[in-house]
Structure formats: structure tokens, C-alpha cells
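Visitor: I keep hearing labels thrown around when people talk about models. Could you show me one and tell me where the labels come from?

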Amino acid sequence: MMGRKFVNRVAASVAVAGMMFTGIADIAGAATAIKNGENVNGFIRTSSPNFTFRNQSLRGTPVQRAYGEEFLFNAKQGDAVIAAVDVEDGSTLLPILVLVSSQTGAQVAYDDRSGLLRYRVPTTGEYKLRVLGKNNTRGRYTLSISGISQTPTSQNPPAQTPSGQKDARQKFLEDEYGLRVLENCPAVRSNVVVVTFPEYGQNYTYCANPNRNIKAGEYRYDVSSNEIRLGNVAQNPPAQTPPQNDPRKQALLNEYGLRVLDTCPEVKTSLVVVTFTEYGQTYNYCANPNRLVKAGAYTFDISSGDLKPKTTTAQNPTQPTANDQRSQLLRNEYGLTVLDSCPPAKNSLVVVNFTESGQTYTYCANPNRVFKAGEYTYNPTTRNLDAAKKPTRCTVEISGICIVK
């Protein structure tokens with residue numbers, strides 16, 4: 001990671017060019033609870049969170065992104081929920097309404113035309129209603145919701161673990177923190193350690209006796225650091241998933257339409273290979289590719305629910321991928337997603353050359369708003385990506401000397 005001065009210089013150069021740099025991952029934002037019959041004022045702006053969605057009105061559409069705001073509500077089975085958005089006069093906002101089940105993390109309803117969304121609730125639980133700006137539009141609006149039963153569902157029930165058995169989360173708490181997990185969470189939790197694990201739109205809550213290192217209180221598992229952190233957790237009740245249903249497989253099926261194979265074969269070049277990292281352990285799944293997800297290696301980001309291509313060096317790697325400073329530089333400082341390898345045809349890609357100690361290391365990445373397709377050279381003095389100079393065509397060549405008229 002380069003210094004802040006370099007980051008500011010890149011940002012300034014982008015601003016001068018009249019371009020906007022946007023991240024590729026969902027930006028976490030605080031969701032607002034909304035109740036039946038309530039009207040809530042909202043404002044979608046450039047700093048609003050970024051969410052993924054699919055246009056369910058058209059088959060085979062890819063995952064898209066849009067800025068917006070998220071609202072939470074609890075509903076009972078059979079509720080006929082109606083959500084409506086009224087755009088403020090003078091606003092250019094074109095609203096998209098997306099409804100997501102907190103239990104499965106799957107998108108269950110969608111509207112981008114009328115500003116009105118209707119949904120018959122099949123399963124009691126919590127739902128996430130997202131108001132997004134279509135085609136990068138912004139503006140103020142009023143959201144209203146109706147049809148929700150008055151009695152809310154309970155929040156943060158304890159995870160259902162078979163008696164006498166330990167699951168991966170319980171073993172993680174015991175092995176990493178020396179906590180003795182209780183079979184059930186007590187009604188009064190002020191004297192116990194309460195840890196919540198958010199996974200695939202669900203929350204799993206565990207209670208344990210405190211020890212010298214972990215004091216009583218509420219903690220949340222942070223997947224990015226593989227640690228538990230003190231603080232109040234978001235209120236997302238876990239779905240009661242039958243033991244035979246693997247939540248990772250369900251996430252791949254519901255979000256990306258991937259049908260996971262029972263086992264991964266030895267040769268995986270024609271398959272989608274997804275890696276889940278949880279509590280220091282790695283789980284690999286193989287599936288047949290489809291229109292949305294091409295064959296290749298991916299990692300599943302639990303925090304955003306996205307599949308991200310694994311970033312590795314393209315040519316002449318000298319270090320393991322995780323410690324490759326060049327690949328990290330391209331990703332962190334320039335927002336470029338590095339491909340596993342450079343294909344024969346590179347015309348539509350960003351090709352970056354690093355020259356170090358007389359050797360050249362070449363990386364290929366997908367273009368973004370800042371860096372268009374083309375060939376670049378990393379300048380270690382200015383820490384910029386300079387456009388590679390095209391070779392001069394000689395009009396006449398005499399004894400190896402190029403003469404241009």
C-alpha cells in the first residue's frame with residue numbers, strides 16, 4: 001500500500017480528467033428499520049452505499065450495482081407487503097426496488113418501472129428492502145410500506161446446534177479464544193459473552209462464559225480479520241436451515257444460479273471453483289459454469305455476497321499470490337482486478353509491465369473508468385502507470401539505424 005500522498009495524487013489526476021473512481025465492492029451502510037404504515041424520507045447521493053441486484057424482469061441478466069439505501073422489516077408468512085416510492089419534485093431519481101430475504105440472502109422481488117413493489121411473504125422472518133438509483137440517478141424520495149403484521153419476529157435467536165455436537169463456529173470460539181460455549185443462551189445475557197456470526201444474510205448467535213481475555217458483552221465476528229470484535233450486532237434473525245442444506249451451496253444456487261457438484265474432480269479447468277474462507281478454514285466448491293459465471297477460480301466475499309475472481313500474477317511470478325506486491329498495488333491503488341493469466345488477445349485489457357533488476361513482469365487486468373484498455377508501464381519514480389509508447393515505424397532502416405521521415 002503506497003502512502004497517502006500518492007493516493008491523493010491519483011485522486012487529483014482522476015478529478016482533473018473528469019472521471020470518477022468507484023469501488024467494486026458493496027459499501028456497508030447502516031440499515032433503517034421500518035414499520036407497517038410508516039413513511040420514511042430518503043436521499044440517494046454519491047456517498048450512499050453500493051448494492052448488487054439483478055433485473056428479474058429479464059432472464060439471464062448479469063449482476064448489476066447501484067447506489068441506494070437499505071431498510072429492514074419483519075414480516076409473517078402470508079403478509080401481503082406493498083412498498084411504494086414517491087420521488088420528490090425536481091429530483092432526477094429513477095427508483096429501483098429490490099427485496100432480499102435475510103434468511104437466505106436471495107433477491108426475492110424486484111421493480112424498476114412503477115416505483116411499487118408487491119410481495120406475498122412465504123416465510124416468517126426479516127427482509128431487506130433496498131431503494132436504488134437506476135442508471136446512476138440521485139435524489140430525494142419518500143418510502144411507504146404496508147401489509148406487515150404488527151407482531152414482529154424475535155431477533156437474534158441462538159444458533160441451533162445439535163446437542164452434544166460442536167459446529168465450526170463453536171470450535172472456533174473454543175480453540176481461538178478459550179471460550180466454553182453454552183448449549184443455550186440465557187434470557188439475561190449481561191454476564192455472558194454473546195457472539196454473533198453473520199453469514200449469507202443470516203446471523204448465528206452463541207453464548208459463552210467469560211474468561212480472562214474475553215469479558216462479558218456483545219461481540220461480532222469480522223470475516224475480514226477472522227476475529228471477534230466488541231460491539232452491538234445488526235439485528236438479523238437466522239433462518240432455521242435444515243442440517244442437510246449446506247448454506248454455501250444455497251448461496252451459490254440462489255445468488256448465481258450455480259449447481260454445485262457433489263465432489264470436485266482432479267481437472268477443474270472447465271469448472272467454476274469457489275473458495276469460502278471461514279474461521280481460518282477453507283472450503284472449496286465446484287460447479288458447472290453458466291451465462292453469468294464463467295469457468296475459473298473465485299473467492300466468496302461473505303460481507304458483500306460477491307464472487308470475486310482470484311487475483312494472481314500473470315507472468316514470471318516470484319512470490320505467492322497472497323504476498324505479490326505488484327498485484328496488490330494494481331488492486332489497491334488503481335482499482336484493477338488482475339486476471340489469473342494473460343490471454344493471447346490483450347486488445348480489450350489493461351496490460352501493465354513492471355521492469356525490475358533487468359526483468360519484466362507483465363500483468364493483465366480488466367479496464368475500469370480510470371484506466372482504459374491498453375499497455376502501461378509502471379514508473380517507480382512517480383509511482384504512476386504511464387501509457388506505453390507505441391514503437392516507431394521506420395521509413396528507412398540503414399545498418400540497423402531507424403530513419404523516420
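**Labels and their cut-offs**

Guide: Start with the S-S bond of cysteine 185 and cysteine 207: its torsion is about 105°, so this disulfide is right-handed. Keep in mind that this is a predicted model, where local features need pLDDT of at least 70 and side-chain atom pairs count only at pLDDT 80 or more, while totals for chains, interfaces and linings use all residues. Residues are numbered from 1 along each chain as its sequence is written, and side-chain values use heavy atoms, with hydrogens and water left out.

Visitor: What makes cysteine 185 and cysteine 207 a disulfide?

Guide: The rule asks for a pair of cysteine sulfur atoms within 2.5 Å. Here the sulfur atoms of cysteine 185 and cysteine 207 are 2.0 Å apart, so the pair qualifies under that rule. Cysteine 185 sits in the loop between β11 and β12, cysteine 207 in strand β13, 22 residues apart. Helices (H or I, at least four residues) and strands (E, at least two) are DSSP runs, numbered from the N terminus.

Visitor: How many disulfides does the rule give?

Guide: Three. One of them joins cysteine 264 to cysteine 286, S to S 2.0 Å. Cysteine 264 lies in the loop between α3 and β16 and cysteine 286 in strand β17, so the link ties together parts that are 22 residues apart in sequence.

Visitor: Why is cysteine 264 called partly exposed?

Guide: Buried means under 20% relative accessible area and exposed means over 50%, with partly exposed in between (1.4 Å probe, protein chains only). Cysteine 264 comes out at 32%, so it counts as partly exposed. Its partner, cysteine 286, has 1% and is therefore buried.

Visitor: And what makes cysteine 342 buried?

Guide: Its relative accessible area is 16%, so it gets that label. Cysteine 364 is at 0%, so it is buried too. These two cysteines are joined by a disulfide, S to S 1.9 Å, and with 110° about the S-S bond their link is right-handed.

Visitor: How do you know that β16 and β18 pair?

Guide: Two strands pair if DSSP finds at least two bridges between them. Strands β16 (residues 272–278) and β18 (residues 296–301) have four, in the parallel sense, so they meet that rule. Valine 274, for instance, has tyrosine 298 in β18 as its bridge partner.

Visitor: Which way do β18 and β19 run, parallel or antiparallel?

Guide: Antiparallel, joined by four bridges. Threonine 299 stands opposite lysine 308 in β19.
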